[in-house]
Amino acid sequence: MPNGIVIIDKPQGWTSMDVCAKLRGILHEKRVGHAGTLDPMATGVLPVFVGQATKAVSFAEGGQKVYEAVLQLGLVTDTQDITGRVLEQRDAASVTEADVRAALPRFLGRQKQVPPMYSAIKIGGKKLYELARAGQEVARPARAITIHALELLSCAPPDFTLRVHCSKGTYVRTLCHDLGAALGTGGCMAALRRTAAGAYTAAQAVPLADILDAAEPGALICGGMLDPAEALLQARGISFYDYAKDEALLLQNAELTAEAALALLLERLPGPLAGSRILLCGFGRIGKLLARKLKALGADVTVSARKA
């Protein structure tokens, strides 16, 4: 039976549970779950845990997320994205790129965010979206979130594309709504793509369309599946890199210095280094140099002489 984790690039129009249901049917495995729900309109990284690896879901759910979102100014909706009922339209032609950049810093750091009515949070035993569909609006307690980084990637007014690095529980559409209010025009989220969930990135993701079109979709899924032990480490926010084998291969080239080998190893390490937790398994001079370099770049590094 399959055991491990596969990173799916979720397409628009699918719920996260739709993806899990499809994989259950393909793999003939009931134990399939995801870490970190994506709304149907969103695309991108959806870690799906299969078999025994489902035990690691709880570790992965709390990881930080990275998104690319399109903020559309001048439009306010009841869902805080473009799928909702339009509540208000305003002229946003006067808002410049400089205005948006100037507004971003006030949304950085630890803060309280009021979740939207159209969300799965429960109040009094009922999900908020159920109350919203019934025409009710209730008070929602603000929740603690952290925006670690917020940058403007591009602009084509009234649309502004943002990169958001945030904590678990952050509603990016609420961020867009609040940014629009701060700019005086109102705003909503026009598109959303998740590029990272915890240690899992878009580079690892398999498009769901590729799986559905494959002659042997089960083989494609299993071929890209992470080992359960590695999945658990990554779910805990630890990047695993066994440099021992590469060290031996690299040093077979007599023209390759230790410094050149170290540079190649650094190129192959996944994800941003600052603030990341990395477990290095292996042994050797290059490994020790690599650990020192990673620590100098801000990573939390643990070195083991034994392979994981």
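These are my notebook entries on a predicted model of one protein chain.

**Ground rules.** I number residues from 1 along each chain as its sequence is written, and side-chain values rest on heavy atoms, with hydrogens and water left out. Because the model is predicted, I take local features only at pLDDT of at least 70 and side-chain atom pairs only at pLDDT 80 or more, while totals for chains, interfaces and linings use all residues.

**Whole chain.** I looked up the secondary structure and found 11 helices and 17 strands. These elements are DSSP runs numbered from the N terminus: helices are H or I with at least four residues, strands are E with at least two. Of the 308 residues, 46% are buried (buried is under 20% relative accessible area, exposed over 50%, partly exposed in between, with a 1.4 Å probe and protein chains only). The chain exposes about 15400 Å², and carbon and sulfur atoms supply 53% of that area (Shrake-Rupley method, 1.4 Å probe; for residues, only the protein chains shown count as cover). I then checked contacts, meaning heavy atoms within 4.5 Å. Among those between residues at least 6 apart in sequence, 68% join residues at least 24 apart.

**Helix H5.** H5 covers residues 172-182, and Val 172, Arg 173, Thr 174, Leu 175, Cys 176, Leu 179 and Gly 180 are buried in it. What lies over these buried residues? The cover includes helix H3 (97-103) and the strands S4 (65-73), S7 (109-113), S10 (143-156), S11 (159-166) and S12 (187-197). I picked Thr 174 of H5 for a closer look. Thr 174 has a relative accessible area of 1%, so I log it as buried. Setting aside neighbours within four places in sequence, Thr 174 is in contact with Gln 80, Gln 113, Val 114 and Pro 116. Just after H5, Gly 184 has a positive phi of about 85°.

**Gln 80.** I followed the Thr 174 contact to Gln 80. Gln 80 sits in the loop between strand S5 (75-77) and strand S6 (86-89). Its relative accessibility is 10%, so Gln 80 counts as buried. Phi of Gln 80 is near 70°, a positive value in a residue other than glycine.

**Largest pocket.** I looked up the volume of the largest pocket, which is about 1100 Å³. For the search, a 1 Å grid is laid over the protein atoms alone; a pocket is an open set of points with protein on both sides within 12 Å along at least five of seven lines, a cavity is a set where a 1.4 Å probe fits but cannot get out, and lining residues have an atom within 4 Å of a point. Points are joined across faces, edges and corners, and the volume is the space filled by probe spheres set on them. Which residues lie nearest the centre of this pocket? They are Thr 37, Leu 38, Asp 39, Tyr 171 and Arg 173, out of 34 lining residues. Helix H1 (16-27), S4, helix H4 (128-133), H5 and S12 each give two or more residues to the lining. S12 gives the largest share, three residues.

**Aromatic pair.** The structure holds one aromatic pair. Ring centres of Phe 49 and Tyr 200 are 6.5 Å apart and the planes stand at 80°, so I enter the pair as edge-to-face (rings of Phe, Tyr and the six-membered ring of Trp pair if centres lie within 6.5 Å; planes under 30 degrees apart are stacked, over 60 edge-to-face, the rest tilted). Phe 49 is in strand S3 (residues 43-50) and Tyr 200 in strand S13 (residues 200-201), 151 residues apart. Both residues are buried.

**Leu 23 and His 28.** Leu 23 lies in H1. With a relative accessible area of 0%, Leu 23 is buried. Beyond four places in sequence, Leu 23 is in contact with Val 6, Ile 8, His 28, Val 32, Val 48 and Ile 221. Is His 28 buried or exposed? His 28 is exposed, at 66% relative accessible area. His 28 is in the loop between H1 and strand S2 (32-34), and its phi is near 55°, positive in a residue other than glycine.

**Prolines.** The peptide bond from Pro 157 to Pro 158 is cis, with omega near 10°. Pro 158 lies in the loop between S10 and S11. Pro 11 is in the loop between strand S1 (4-10) and H1, and is partly exposed at 27% relative accessibility. The C-alpha atoms of Pro 11 and Leu 208 are separated by 6.9 Å, with their positions 197 residues apart along the chain.
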